[in-house]
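Student: I would like to test the labels used for this model against their definitions. Shall we take them one by one?

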Amino acid sequence: MRLEARNLGFCYAGGPWILKDVNFSMEEGERVGLVGPSGYGKSTLVKLLAGYLEPCEGEILLDGKPMKKKGVCPVQLIYQHPEKAINPRWKMKKVLEESGMYREEVLEALGIEEEWLERYPRELSGGELQRFCVARSLFEGTHFLLADEMSTMLDVITQAQIWNLMLREVEKRKIGLLAVTHNMALADCVCTRTINLAQVNHIKCAEESGCKNGCEYGTV
């Protein structure tokens with residue numbers, strides 16, 4: 001299976017282009033790093049790839065066809081801020097059950113304690129919540145995982161636990177992984193290839209993009 005962006009363009013209403021003529025593709029089983037300075041549209045791109053935003057130009061394809069808008073999405077996005085991705089009114093057990101992801105070995109590998117399952121999101125730390133977001137994303141129908149700075153807010157031990165589990169699952173199930181990061185050491189360790197968004201995002205200068213500092217690429 002292939003995930004592909006063709007001639008992708010995006011801007012918010014009345015604003016400058018954030019992404020323009022972006023072409024990108026990855027295969028199942030690939031581990032791709034997406035790097036670039038802050039404000040270059042990395043988070044916007046993964047939201048488009050996962051179907052959270054609609055492109056203004058171009059298209060997102062899965063095996064050469066537009067992604068279905070209904071049903072379980074085979075492209076899963078893990079946010080940097082887990083509190084924004086979980087229903088605050090649900091206990092954590094329901095969060096996992098809703099996705100069909102309730103494998104004891106995964107919960108154990110992520111260090112998810114049984115007592116946490118009966119808690120609400122507000123009763124857990126950011127690191128604990130992120131473990132649930134990772135577990136939830138690994139349901140059986142996942143073919144691509146988009147990890148948007150998913151470990152940035154976590155302590156070193158928790159980062160290692162999450163990435164070790166993630167890499168085992170990706171390799172075992174041949175899931176495609178797109179890792180958005182500022183950490184080149186992490187990208188080199190985790191990924192089989194790296195894309196610099198600034199090199200594939202073809203924003204024009206001043207007049208067309210609203211960029212006023214003479215740069216080659218526009219910013220968010």
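Tutor: Start with the packing of helix α1. In this predicted model, α1 lies across β1, β2 and β4 and runs at about 125 degrees to β1. Helices (H or I, at least four residues) and strands (E, at least two) are DSSP runs, numbered from the N terminus.

Student: What does the angle of about 125 degrees to β1 refer to?

Tutor: Axes are lines fitted to C-alpha atoms, for helices over the stretch in contact (heavy atoms within 4.5 Å). Angles run from 0 to 180 degrees between N-to-C directions.

Student: What makes α1 largely enclosed?

Tutor: Buried means under 20% relative accessible area, exposed over 50%, partly exposed in between, with a 1.4 Å probe and protein chains only. Six of the eight residues of α1 (residues 42-49) are buried, so the rest of the structure largely encloses the helix. Those six are Lys42, Thr44, Leu45, Val46, Leu48 and Leu49. Just after α1, Gly51 has a positive phi of about 90 degrees.

Student: Which ground rules apply to the numbering and the values?

Tutor: Residues are numbered from 1 along each chain as its sequence is written, and side-chain values use heavy atoms, without hydrogens and water. Because the model is predicted, local features need pLDDT of at least 70 and side-chain atom pairs count only at pLDDT 80 or more, while totals for chains, interfaces and linings use all residues.

Student: How do you know that β1 and β4 pair?

Tutor: Two strands pair if DSSP finds at least two bridges between them. Five bridges join β1 (residues 2-10) to β4 (residues 57-62), and the strands run antiparallel. Arg6 stands opposite Glu59 in β4. Two bridges also join β4 to β5 (residues 65-66), again antiparallel. Here Leu62 stands opposite Lys65. β4 and β5 form a hairpin with two residues between them, and Asp63 in the turn has a positive phi of about 55 degrees.

Student: Why are β2 and β5 called edge strands?

Tutor: The open sheet has four strands in the order β2-β1-β4-β5, with antiparallel pairing. β2 and β5 each have a single partner strand, so one side of each lacks a neighbour in the sheet.

Student: Why is Asp21 called partly exposed, and Lys174 exposed?

Tutor: Asp21 has 30% relative accessibility, so it falls between the two cut-offs and counts as partly exposed. Asp21 sits in β2 (residues 19-27), with a positive phi near 55 degrees. Lys174 has a relative accessible area of 52%, so it counts as exposed. Lys174 lies in the loop between α5 (156-173) and β8 (176-180). Its phi is also positive, about 60 degrees.

Student: What makes a set of residues a nonpolar core?

Tutor: The members are buried Ala, Val, Leu, Ile, Met, Phe, Trp, Tyr and Cys residues joined through side-chain atoms within 4.5 Å. The largest such core has 32 residues, of which Val134 and Met166 touch the most other members. Another core, of 28 residues, lies apart from it and includes Met26, Leu34, Met67 and Leu197.

Student: Where does pLDDT stay under 50?

Tutor: pLDDT is the predictor's confidence in each residue, from 0 to 100. The value stays under 50 over residues 205-220. Where pLDDT is low, the predicted coordinates should not be read in detail. The protein averages 85, and 92% of the residues score at least 70.
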